[in-house]
Amino acid sequence: MTDLSETGKLIIFVKDAVPGEVKTRLASEIGEDHAATVYEAMIRDLVANVKSSPFEPVYYLGSPYITNPRIRRSLDKHTLHTQTGSDL
């Protein structure tokens with residue numbers, strides 16, 4: 001049996017932190033701008049924390065254009081793939 005900790009990949013889907021398009025249920029409680037800020041922080045934390053994972057991260061973007069500069073900087077050193085198709 002293959003030890004996944006040595007060969008596994010961790011697939012992570014990322015979309016841009018656009019108010020009204022991310023964390024929509026949370027946005028109904030705290031507002032769209034704050035929810036987008038929370039999502040941005042979650043992505044930056046995820047990228048930072050996955051470095052200590054035994055898995056190789058593979059990032060798929062919901063759009064080829066991530067406009068949020070802080071998310072973009074977090075992902076700059078990684079190979080990025082654009083998600084294709086109409087659903088997950």
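The following paragraphs describe the fold, the sheet, the nonpolar core and one buried polar residue of a predicted model.

The protein chain of this predicted model contains four helices and three strands, and from the N terminus on these elements follow one another in the order α-β-α-α-β-α-β. Of the 88 residues of the protein chain, 24% count as buried. The exposed area of the chain comes to about 6300 Å², of which carbon and sulfur atoms supply 52%. When contacts with a separation of 6 or more are considered, 54% of them are accounted for by residues that lie 24 or more positions apart.

The three strands are arranged as an open sheet with parallel pairing, in the order β1-β2-β3. Within this sheet β1 and β3 (80–82) are the edge strands, each of them pairing on one side only, and the twist from one strand to the next averages 30°. The parallel strands β1 and β2 are joined by six bridges, and in this pairing valine 14 stands opposite leucine 61 of β2. The helix α3 packs on the sheet, where it touches both β1 and β2, and its direction makes about 165° with that of β1.

The largest nonpolar core comprises 14 residues, among which Val14, Tyr39, Ile43, Tyr59, Ile71 and Leu75 touch the most other members. Two or more residues are given to this core by each of the elements β1 (9–14), α3 (32–50), β2 (56–61) and α4 (69–75), and the greatest contribution, five residues, is that of α3. The helix that packs on the sheet and touches β1 and β2 is thus also the element that gives the most to this core. Isoleucine 43, one of the core residues with the most contacts to other members, is in contact with Val14 and Ile71 when its neighbours within four places in sequence are left aside.

A polar residue, asparagine 68, is located in the loop between β2 and α4. Because its relative accessibility is 11%, asparagine 68 counts as buried, the limit for this class being under 20%. The side chain of asparagine 68 makes a polar contact of 3.1 Å with the side chain of glutamate 40. Apart from residues up to four places away in sequence, asparagine 68 touches Asp16, Ala17 and Glu40, so that glutamate 40, the partner in the polar contact, is one of the residues that asparagine 68, buried at 11% relative accessibility, touches in the model.

Methods. Residues are numbered from 1 along each chain as its sequence is written. This is a predicted model: local features need pLDDT of at least 70, side-chain atom pairs count only at pLDDT 80 or more; totals for chains, interfaces and linings use all residues. Side-chain values use heavy atoms; hydrogens and water are left out. A nonpolar core is a set of buried Ala, Val, Leu, Ile, Met, Phe, Trp, Tyr and Cys residues joined through side-chain atoms within 4.5 Å. Buried means under 20% relative accessible area, exposed over 50%, partly exposed in between (1.4 Å probe, protein chains only). Contact means heavy atoms within 4.5 Å. A polar contact is a pair of N or O atoms within 3.5 Å; within protein, one must be able to donate a hydrogen and the other to accept it, and residues adjacent in sequence count only if both atoms are side-chain atoms. Two strands pair if DSSP finds at least two bridges between them. Axes are lines fitted to C-alpha atoms, for helices over the stretch in contact, and angles run from 0 to 180 degrees between N-to-C directions. Accessible areas come from the Shrake-Rupley method with a 1.4 Å probe; for residues, only the protein chains shown count as cover.
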